[in-house]
Amino acid sequence: MGSIFSKDSNVTLVITSCGRFEHLQQTLESFISYNTYPVREIIITEDSGDESVRDFLPESIRDRVQLIINNPKLGQIKSIDLAYSKVTTDYIFHCEDDWSFYRPGFIEDSMRVMDTDKKIIQVWLRSFHHDIAIHSPYHFLKERKQVGDVYYYPLGSEKEDWQGFSFNPGLKRVSDYTGIKSYSSFPSEKELSRHYAQLGYHAAILENDAVLHTGFGEHVEDVREKKKKRKRKQKDFAIKFLCLFVGLLAGFFLGG
């Protein structure tokens, strides 16, 4: 394989990370091993504030990575906006810190698929049958399509909130990002997915999958996610308490 970098490339690799350095190292090593489409630059945003992340960057790229260490923390979405503000290419290959690539050509295949339809927001690389159907069973495959020797499916969803946009590994057009000005004007990845769907965007998924999620059960929550979950738990507790109180009160009067 040739150099991972090319000054003429129209793709920038952006990775979000937060304290999971061994996962990040594995993600980078697998990307370097299997990616066959040179990138102009690698930008990593590290939200833990921990400078020791530098020690986990593979030596072959250590001096070529633009590393942004947030201190204080920004959260995932604001970190993405900051990283994207430094991108000078037409495409971003977006990735989180807990994925392992296992075959070449995934960027080339993604670009060929995206070139068929300007409303494809990104091309998914996960296995549909061994991953998506198990962990996100509300997704379904539409009619099989082909561009050259690449087979893919438009991806459907039975959930209004999850219509294809994702921070999972995937090629994105910078123009689709700048068209909505910023991600952080939306409260969550789910709201972004809903918004892009309302604009007519959808996702596609490759038949020949290319990446495995290594961080199931180790999700790093955004501050806003934690607040929303806390409020949801408080609301659920209040509803349960109210139901119990009403039940006891009704029992008291009926028993009387």
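**Close-up views of a predicted model**

**Figure 1. Asp98 and Arg20 meet through their side chains, with a polar contact of 3.2 Å.** This view, like the others here, comes from a predicted model. Asp98 belongs to the loop that runs between β4 (91-96) and β5 (99-101). Is Asp98 buried or exposed? With a relative accessible area of 3%, Asp98 is buried. Once neighbours within four places in sequence are set aside, the residues in contact with Asp98 are Arg20, His23, Thr27, Leu212, His213, Thr214 and Gly215. Arg20 therefore appears both in this list of contacts and as the side-chain partner of Asp98 in the polar contact, while the buried state of Asp98 follows from its 3% relative accessible area.

**Figure 2. Asp47 reaches both a side chain and a backbone nitrogen.** Look for Asp47 in the loop between β2 (41-46) and β3. Asp47 is buried, at a relative accessible area of 7%. Its side chain makes a polar contact of 2.8 Å with the side chain of Asn70. A polar atom of the Asp47 side chain also lies 2.8 Å from the backbone nitrogen of Leu74. Leaving out neighbours within four places in sequence, Asp47 is in contact with Ser17, Cys18, Asn70, Lys73, Leu74, Gly75, Gln76 and Ser79. How far apart are Asp47 and Asn71 in space, C-alpha to C-alpha? The distance is 7.3 Å, for two residues that stand 24 apart in sequence.

**Figure 3. A cis peptide bond leads from Asn71 to Pro72.** The omega angle of this bond is near 15°. Pro72 sits in the loop between β3 (65-69) and α2 (76-84). Readers coming from the previous view will recognise Asn71, whose C-alpha is 7.3 Å from that of Asp47.

**Figure 4. Lys181 takes a positive phi without being a glycine.** The phi value is about 75°. Lys181 is placed in the loop between α5 (174-178) and α6 (189-198). Its relative accessible area is 71%, so Lys181 is exposed.

**Figure 5. Phe31 pairs edge-to-face with Phe101 and with Phe106.** The model holds 15 aromatic pairs. In one of them, the ring centres of Phe31 and Phe101 are 5.6 Å apart with the planes at 75°, which means an edge-to-face pair. This pair joins distant parts of the chain, as Phe31 is in helix α1 (residues 21-34) and Phe101 in strand β5, 70 residues apart. Both are buried: Phe31 has 2% relative accessibility, and Phe101 has 2% as well. A further edge-to-face pair brings together Phe31 and Phe106, with 5.9 Å centre to centre and 65° between the planes. Because Phe31 lies in helix α1 and Phe106 in helix α3 (residues 106-114), the pair ties together parts 75 residues apart in sequence. Phe106 is buried, with 0% relative accessibility.

**Figure 6. Ring pairs build a cluster, and charged ends sit over rings, as at Tyr201.** The cluster takes in Tyr84, Phe165, Phe167, Tyr177, Tyr183, Tyr196 and Tyr201. Over the ring of Tyr201, at 4.2 Å from the centre, is the charged end of Lys119. Elsewhere, Arg64 lies over the face of Phe5, 4.1 Å from the ring centre.

**Figure 7. Phe93 is part of the largest nonpolar core, which has 41 residues.** In soluble globular proteins, nonpolar side chains tend to be buried together. Which residues have the most contacts inside this core? They are Val11, Phe31, Ile42, Ile44, Phe93 and Val113. Apart from residues up to four places away in sequence, Phe93 touches Val11, Thr12, Leu13, Val14, Phe31, Phe101, Phe106, Ile107, Leu125, Pro169, Gly170 and Leu171. Another core, of 20 residues, lies apart from the largest one, and its members include Ile77, Ile80, Val87 and Tyr196. Tyr196 also belongs to the cluster of linked rings.

**Figure 8. The model's confidence is given by a mean pLDDT of 90 for the protein chain.** Of the residues in the chain, 83% reach 70 or more. Where does the pLDDT fall below 50? It does so over residues 219-226, a stretch that has 14 contacts in the model beyond near neighbours in sequence.

Key: Residues are numbered from 1 along each chain as its sequence is written. This is a predicted model: local features need pLDDT of at least 70, side-chain atom pairs count only at pLDDT 80 or more; totals for chains, interfaces and linings use all residues. Side-chain values use heavy atoms; hydrogens and water are left out. Helices (H or I, at least four residues) and strands (E, at least two) are DSSP runs, numbered from the N terminus. Buried means under 20% relative accessible area, exposed over 50%, partly exposed in between (1.4 Å probe, protein chains only). A polar contact is a pair of N or O atoms within 3.5 Å; within protein, one must be able to donate a hydrogen and the other to accept it, and residues adjacent in sequence count only if both atoms are side-chain atoms. Contact means heavy atoms within 4.5 Å. pLDDT is the predictor's confidence in each residue, from 0 to 100. Rings of Phe, Tyr and Trp (its six-membered ring) pair if their centres lie within 6.5 Å; planes under 30 degrees apart count as stacked, over 60 as edge-to-face and the rest as tilted. A charge sits over a ring if NZ of Lys or CZ of Arg is within 6 Å of the ring centre and within 35 degrees of the ring normal. A nonpolar core is a set of buried Ala, Val, Leu, Ile, Met, Phe, Trp, Tyr and Cys residues joined through side-chain atoms within 4.5 Å.
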